[in-house]
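Notebook open, structure loaded. I want to jot down what I looked up, starting with charged pairs and then moving on to packing and strands.

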Amino acid sequence: MTIEVRVPQLPESVADATLVSWHKKPGDSVARDENLVDLETDKVVLEVPAPVAGVLKEIRLSDGTTVTSGQILAIIEEGAAAVPGASAPAILAAASGATAAAKDTVAKGAVARDAAKPDTVRPDTAGGKLSPAAKRVAEENKVDPKTVAGSGRDGRVSKSDVVNYLSSKDAASPGAAAAAGPAAKAPAQFVPAPSARTARAEQRVPMTRLRARIAERMVQAQATQALLTSFNEVDLKAVNELRARYKDPFEKQYGVKLGFMSFFAKACVEALKKFPAVNASVDGSDIVYHEYFDIGVAVSTDRGLIVPVLRDTDQLSFADIERSIGNFAARARAGSITIEELTGGTFTITNGGVFGSLLSTPIVNSPQSAILGMHKIQDRPVVMDGQVVVRPMMYIALTYDHRIIDGREAVQFLVTVKQSLEDPARMVLHI
């Protein structure tokens, strides 16, 4: 019995998706609920599982195709078993008679002979899974994927992995030549110019759906909002001491480490309560004041920046926040986060400090009206009570929509965040 594999129902906010890559080939055995293909939307990568166990009989759509809900992707022969070592055409031919069986035998022999050749490499099957872009670059440069270490999920090799491999290989070549130079003095000869690939290479690749959506949202925010950024700095000595004092019992009791993000999320909630305009958004000629606090936390992935949302952050404990952020980050990088978890949000926090950023002006995540930027913690001399002391300092930045947030509110918002972090008891007492 044949079963159709269709594109699942996409959310209302998603019109279509792009078929990224197949994990199976025609003739392969598949288990029920095993992932067959990845579909990329504007926000997440969706996995399409096999509805039944059997053999993948036919693939209807190839990588890079734009698909919509309900389209047929493939056909599965339910309950069938794959023929070991045979190609997909041989499997289909085996059911037609003795002649096809003979061809299948010949095909098996050819496969066995090819397997015995150590130099024979197929870029689409060797060395883990390749993304379409990585496969193309590998084939163009005659790179064996087995020699490239994959940085993606399940060892998946991305285009950047192949490019980095080529760069390191090219960088190593001059060193090897220099080492061999003193051993034998060769007569002077003409040295050709470096090849185009190593000296002036260019590659044109289409944006992923997520990258294109990020670009669209960033341009939209700057074109439709009156963005302005204010700065302040925070002494994190009190937070560091609190974390150092309670990090072990906290982790033992809750099973998660006490990080900085929970302190900043709680400090922002206190500031948002005092200055509701920062938690508001513009809808046409109206201002919508949100009486809940859904804080987005920017997470960097190989595909781009995404912002999962902590719902009702004011009702979450420090442990709840740390646990949720860790869970979001892991699933975002694995591509298993849901669209619902990326939708909404009334305010966003982004931490460029994890990459070493000392100062930046983040862009508002429209239709929100403000975003807080965290930065690198750095020991700096500061004056305290007339004395110069060294303290762990961080610059913080608030980019906001000046249409509905005045400079006074923005500055006082940052001061409230600063006060809460420099005296964490304020967050407990709500003062």
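I looked up D401 first: its relative accessibility is 0%, so D401 counts as buried (buried is under 20% relative accessible area, exposed over 50%, partly exposed in between, with a 1.4 Å probe and protein chains only). Its partner in a salt bridge is R403, at 2.7 Å from N to O. I take a salt bridge as a side-chain nitrogen of Lys or Arg within 4 Å of a carboxyl oxygen of Asp or Glu. R403 is partly exposed at 47%.

Note to self on the source: this is a predicted model, where local features need pLDDT of at least 70 and side-chain atom pairs count only at pLDDT 80 or more, while totals for chains, interfaces and linings use all residues. Residues are numbered from 1 along each chain as its sequence is written, and side-chain values use heavy atoms, with hydrogens and water left out.

How many salt bridges does the structure hold? I get 14. I checked R60 and E58, whose closest N and O atoms are 2.9 Å apart. R60 is partly exposed at 42%, and E58 is partly exposed too, at 33%.

Next I pulled up E422 and K418, another salt bridge at 2.9 Å, N to O. Both sit in helix α10 (residues 407–422), 4 residues apart, which is about one turn of the helix. (Helices are DSSP runs of H or I with at least four residues, strands are runs of E with at least two, and both are numbered from the N terminus.) E422 is partly exposed at 30% and K418 at 22%.

Then the packing. The largest nonpolar core has 76 residues, and L73, F347, F413 and L421 have the most contacts inside it. Helix α8 (residues 261–274) gives the largest share, 9 residues. Such a core is a set of buried Ala, Val, Leu, Ile, Met, Phe, Trp, Tyr and Cys residues joined through side-chain atoms within 4.5 Å. Another core, of 8 residues, lies apart from it and includes A134 and V148.

I followed L73 further: leaving out residues up to four places away in sequence, L73 touches (heavy atoms within 4.5 Å) V37, V48 and R60, among others.

V37 and V48 took me to the strands, since V48 in β5 is the bridge partner of V37. Strand β4 (residues 35–40) and β5 run antiparallel, joined by 5 bridges. They belong to an open sheet of 4 strands, ordered β5-β4-β2-β7 with antiparallel pairing (strands pair if DSSP finds at least two bridges between them). β5 (45–49) and β7 (66–67) are at the edges with a single partner strand each, so one side of each has no neighbour in the sheet.
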